[in-house]
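Notebook open, model loaded. I want to go through how the helices pack, then chase a few single residues.

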Amino acid sequence: MHTLMSCLAIALYLSAAILQWRAMRAPADSAPAGAGPLLLLSIAAVGAHGIAAFTGAIAENGLYLGLLPMISMIMWFVATLTVFRSLHAPIASLQLMVLIAAAAIVGIVTIAAPGPAQPQQVAPGLFAHIVLSVLAYSVLTIAALQAVALSLQESRLREHRFGAVLNSLPPLQTMDSMLFEMISVGFVLLSLAVAAGALYIEDFFGQHLAHKTVFSMAAWAMFGTLLIGRRRHGWRAGTAVRWTLWGFGFLLLAYVGSQWVLEFLVGDTNPGR
């Protein structure tokens with residue numbers, strides 16, 4: 001079931017990406033075409049991906065907390081939030097990036113996934129920390145992709161290079177506002193995740209939490225500073241993009257980097273600690 005749904009999700013994501021790209025390349029004054037099929041394909045893709053992600057992460061007697069199942073789960077949240085956000089916001093270019101990235105992540109997880117480790121029993125409080133962390137990573141991943149799109153838009157406007165990607169983007173001010181909306185939500189979720197995780201630390205060094213904590217707090221500080229700078233000094237565009245990508249980079253080091261070292265270099269048999 002997991003492999004079947006993964007392959008179906010990849011096919012649906014790529015099909016939706018093709019439709020999205022064609023819609024973006026259509027003349028600006030033409031009637032929108034393929035919106036209905038694009039939405040249906042996108043919803044079907046996240047549905048298939050969701051089944052694959054949950055069957056890969058949830059067992060009858062616990063959770064598989066390895067890096068690959070969690071990355072698939074995070075990418076599923078990213079894709080789901082983006083698809084439903086596209087109903088209310090002009091994010092065609094962002095949606096295209098997410099569709100392609102989701103297909104790639106599902107493919108990598110399906111090919112690279114080792115045999116499942118033993119599922120782990122998770123206390124309700126720790127489960128809340130995991131859910132909040134996944135949501136925070138998902139929202140801040142969208143913010144990072146939004147920052148990339150904003151940077152691309154700003155550079156092409158300066159160079160007077162207009163094309164399908166630029167024409168599909170909303171005005172620069174709208175892009176900037178959307179970026180800070182996602183950062184604000186992500187920062188709140190990250191704060192709650194860090195607070196919830198702090199309550200369940202038993203052995204800071206024995207649980208391999210030192211690197212994760214340092215990088216997580218660095219990311220938290222960067223996103224918090226960015227929000228303060230926005231409020232007090234009106235930081236926008238270039239500054240916002242740099243701080244967002246640096247903060248997201250620390251988040252990647254906090255979880256993906258640390259977890260990859262533990263699982264694939266150290267060979268930790270209990271990767272969810």
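**Entry 1: α1 against α4**

I started with the crossing of α1 and α4, which is left-handed. This is a predicted model, so I'm reading everything here as computed. The two axes come within 9 Å and cross at roughly 155°. An angle over 145 degrees counts as roughly antiparallel, so that is the label for α1 and α4. From α1, I listed T3, S6, I10, Y13, L14, A16, A17, Q20, W21 and M24 as the residues making the contact. On the α4 side, I noted A92, S93, Q95, L96, L99, I100, A102, A103, V106, G107 and T110.

**Entry 2: α3 against α4**

Next I looked up how α3 sits on α4. Their axes are 10 Å apart, and the packing angle is about 160°. That again is over 145 degrees, and α3 and α4 are therefore roughly antiparallel. Their crossing is left-handed. α3 brings L68, I71, S72, M75, V78, A79, T82, V83 and R85 to the meeting. α4 answers with L94, Q95, V98, A101, A102, I105, V109 and A112.

**Entry 3: α2 against α3**

I then went to the other pair with α3 in it. α2 and α3 pack at about 155°, with 9 Å between their axes. That makes this pair roughly antiparallel too. The crossing of α2 and α3 is left-handed. For α2 I wrote down L39, S42, I43, V46, H49, G50, A53, F54, G56 and A57 as contact residues. Their partners in α3 are P69, M70, S72, M73, M75, W76, A79, T80 and V83.

**Entry 4: S72**

S72 turned up in the α3–α4 list and in the α2–α3 list, so I checked S72 by itself. It belongs to helix α3, residues 67-85. Is S72 buried or exposed? The relative accessible area of S72 is 5%, and the cut-off for buried is under 20%, so S72 is buried. Skipping neighbours within four places in sequence, I found S72 in contact with H49, A53, I105 and V109. H49 and A53 are in the α2 list, while I105 and V109 are in the α4 list.

**Entry 5: salt bridges**

How many salt bridges does a search of the whole structure find? I got 1. The side chains of D176 and R230 form it, at 2.4 Å from N to O. D176 is in helix α7 (residues 172-198) and R230 is in helix α8 (residues 210-233), so the bridge ties together parts 54 residues apart in sequence. D176 is buried, at 3% relative accessibility. R230 is partly exposed, at 22%.

**Entry 6: the core**

I pulled up the largest nonpolar core, which has 68 residues. Which of its members touch the most others? They are Y13, V98, L179, I183, F223 and L251. The elements giving two or more residues to this core are α1 (2-25), α2 (35-57), α3, α4 (92-112), α5 (124-159), α7, α8 and α9 (237-266). The largest share is from α5, with 13 residues.

I followed L179 outward. Leaving out neighbours up to four places away, L179 is in contact with A143, Q146, A147, L150, A240 and T244.

**Entry 7: T244 and L192**

T244 was on that list, so I looked there next. T244 is in helix α9. At 0% relative accessibility, T244 counts as buried. Beyond sequence neighbours up to four places away, T244 touches A143, A144, A147, L179, I183, F223 and L226. I183 and F223 are also among the core residues with the most contacts to other members.

L192 reads otherwise. It is in helix α7, and at a relative accessible area of 44% L192 is partly exposed. The C-alpha atoms of L192 and A136 are 9.0 Å apart, with these positions 56 residues apart along the chain.

**Entry 8: overall tallies**

Last, I took the totals. The protein has 9 helices and 2 strands. From the N terminus, the order is α-α-β-β-α-α-α-α-α-α-α. Buried residues are 44% of the 273 in the protein. Of contacts with a separation of 6 or more, 78% join residues 24 or more positions apart.

How values were computed
Residues numbered from 1 in each chain as written. Predicted model: local features only at pLDDT ≥ 70, side-chain atom pairs only at ≥ 80, totals over all residues. Heavy atoms only, no water. Helix = DSSP H or I, 4+ residues; strand = E, 2+ residues; numbered from the N terminus. Buried < 20%, exposed > 50% of the residue type's maximum accessible area, 1.4 Å probe, protein only. Contact = heavy atoms within 4.5 Å. Salt bridge = Lys/Arg side-chain N within 4 Å of Asp/Glu carboxyl O. Core = buried A, V, L, I, M, F, W, Y, C linked by side-chain atoms within 4.5 Å. Axes fitted to C-alpha atoms, helices over the stretch in contact; angles between N-to-C directions. Parallel < 35°, antiparallel > 145°, perpendicular 65-115°, else oblique. Left-handed = near helix turned anticlockwise from the far one by under 90°.
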